[in-house]
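Hi there,

Here is the structure I promised to pass on to you. Have a look at it first, and then read on for what turned up.

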Amino acid sequence: MRHIRIGAGAGYSGDRIEPAIELAEKGEIDYLVFECLAERTIAIAQQSRMKDPVLGFDPLLAERMRAVLAICSAKKIKIITNMGAANPLAAAAVVRQIAQSMKLKLKVAAVTGDDVLDAMKAGDYISDQDIAVNSLGDRLLSANAYIGAAPLVEALAQGADVIITGRVADPALFLAPLIHEFGWAMDDWHRLGQGTLAGHLLECAGQVSGGYFADPGYKDVAGLARLGFPIGEVAEDGSVVITKVAGSGGQVTPATCKEQLLYEIHDPASYLTPDVVADFSAATVQEIGPDRVLVQGATGRARPDTLKVSIGYIDSYIGEGQISYAGPGALARGRLAQAIVAERLQLSAVAFDEIRYDLLGVDAIHGAALSAQPGEPYEVRLRVSARSGSIGEAIRIGNEVETLYTCGPAAGGGVTKTAKEVVAVQSCLLPREQVSTTVHFD
């Protein structure tokens, strides 16, 4: 039975580049996929594009492409990525320039159509948090629909060597080459469901090969410093063997695959994607060799009539300040510092909507009750953070922490302070007929 080998070159925007190079050089893959868009990433990219119309794509795009283009060109490996973010056309232009500088003849496609901001502004759409989207006004930064595999399949049919997209559903990046290579029909729900399972297993890259899995003494994983990213060997029936480059760090086991299988899945029997409603409830996971796990048994039903839209907007501003205390009495000094800041913010009438005080290493994660410890910590770090509707008020939070240097307990040090705009995300549904995609070649 014929197989297509797909390597997962990235699981998020800032992921390591070396494992992708290893996949291209040693993985004997047909496709290299870089999945680099998180929920808020594209909203932040839209902000970048507003400031400069030639930006808005992944900041590591050029570095990644310089690292793998020549290898992939020589080995006839096709590249698919959503690093186009808010500006796939500009990203594709950058890739063409890099290819030309390397004297490579590559056909680069850009897929557009996921940007539905105008439709969101014009319609009466309600978000998953019961907010009218058009009521956000000037705070609304972006609205991007999760498009499916179809335009990517179209680009591959036209001979694309590199495909740059914006907001595409993560599994669709991996499903598209399977549809193209095996000639699956766009309504073959069984195979689309199984192909979506393969894409879901691969989309977070190193997570399925041991990253985010390790727990020393309970789930030990060797070689995480040079973690190998996964390869999916997908058969024509959609079954997939997850593996990695021999000798690379990490591990591929039934346990790593099961954790990734359940990752970010609301209902395993109804995983909604633009291409299919996938059903993973009968999937089986079987180890067939060292670092080789066969996953099969998924199916699917007809795709939804609507597409999910990720809406990015300016929510508020966060101000933060931190200071450390160490030595005898560090905890008491940290608590005194916290009390001083709380009173100062009240005396100075600093306006904020929400505030929290944490002693890092003492109660910052699970709170005072669960984090209670019998001994005194030798060092603590006070963190004060607050949410405000004004950047000016947010700045005042960190300023009050900084004054603890000379107006607070003894021997405080290492102050840091920040104030930043918060881009939040909500979601809504849009009828799929309102989304029109286009494949662009230069």
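Before the findings, one term: a contact below means heavy atoms within 4.5 Å. Please also keep in mind that this is a predicted model.

Let me start with Asp275, which lies in the loop between strand E9 (271–272) and strand E10 (277–279). Leaving out residues up to four places away in sequence, Asp275 touches Gly148, Ala149, Ala150, Ala172, Leu175, Met186, Trp189, Leu192 and Arg303. Does that make for a salt bridge, or for none? Asp275 is buried and has none. Arg303 carries the nearest side chain of opposite charge, and it is 5.8 Å away; a salt bridge needs a side-chain nitrogen of Lys or Arg within 4 Å of a carboxyl oxygen of Asp or Glu. What the side chain of Asp275 does reach is the backbone nitrogen of Ala149, at 3.0 Å.

The two strands around that loop belong to an open sheet of three strands, ordered E9-E10-E13, with antiparallel pairing. E9 and strand E13 (299–301) are at the edges with a single partner strand each, so one side of each has no neighbour in the sheet. Between E10 and E13 there are three bridges, and Val277 has Arg301 in E13 as its bridge partner.

Next, strand E16 (residues 379–388). Seven of its 10 residues are buried, so the rest of the structure largely encloses E16. Which strands pair with E16? Strand E14 (residues 306–326) runs antiparallel to E16 and is joined to it by 10 bridges, with Ala326 opposite Glu379. Strand E15 (residues 354–360) is also antiparallel to E16, over seven bridges, and there Leu360 stands opposite Arg381.

Finally, the nonpolar cores. The largest has 102 residues, and Phe34, Met65, Leu69, Met120 and Val309 touch the most other members. Helix H7 (residues 170–182) is the top contributor to this core, giving eight residues. A second core of 18 residues is separate from it, and includes Tyr325, Ala337, Leu345 and Val401. To look at one residue of the largest core in detail, try Met65: it touches Phe34, Ile79, Met83, Val95 and Ile98, again not counting residues up to four places away in sequence.

Happy browsing, and best wishes!

Note on methods:
Residues numbered from 1 in each chain as written. Predicted model: local features only at pLDDT ≥ 70, side-chain atom pairs only at ≥ 80, totals over all residues. Heavy atoms only, no water. Helix = DSSP H or I, 4+ residues; strand = E, 2+ residues; numbered from the N terminus. Buried < 20%, exposed > 50% of the residue type's maximum accessible area, 1.4 Å probe, protein only. Lys, Arg positive; Asp, Glu negative; His and termini not counted. Polar contact = N/O pair within 3.5 Å; in protein donor to acceptor, adjacent residues only side chain to side chain. Pairing = 2+ DSSP bridges. Core = buried A, V, L, I, M, F, W, Y, C linked by side-chain atoms within 4.5 Å.
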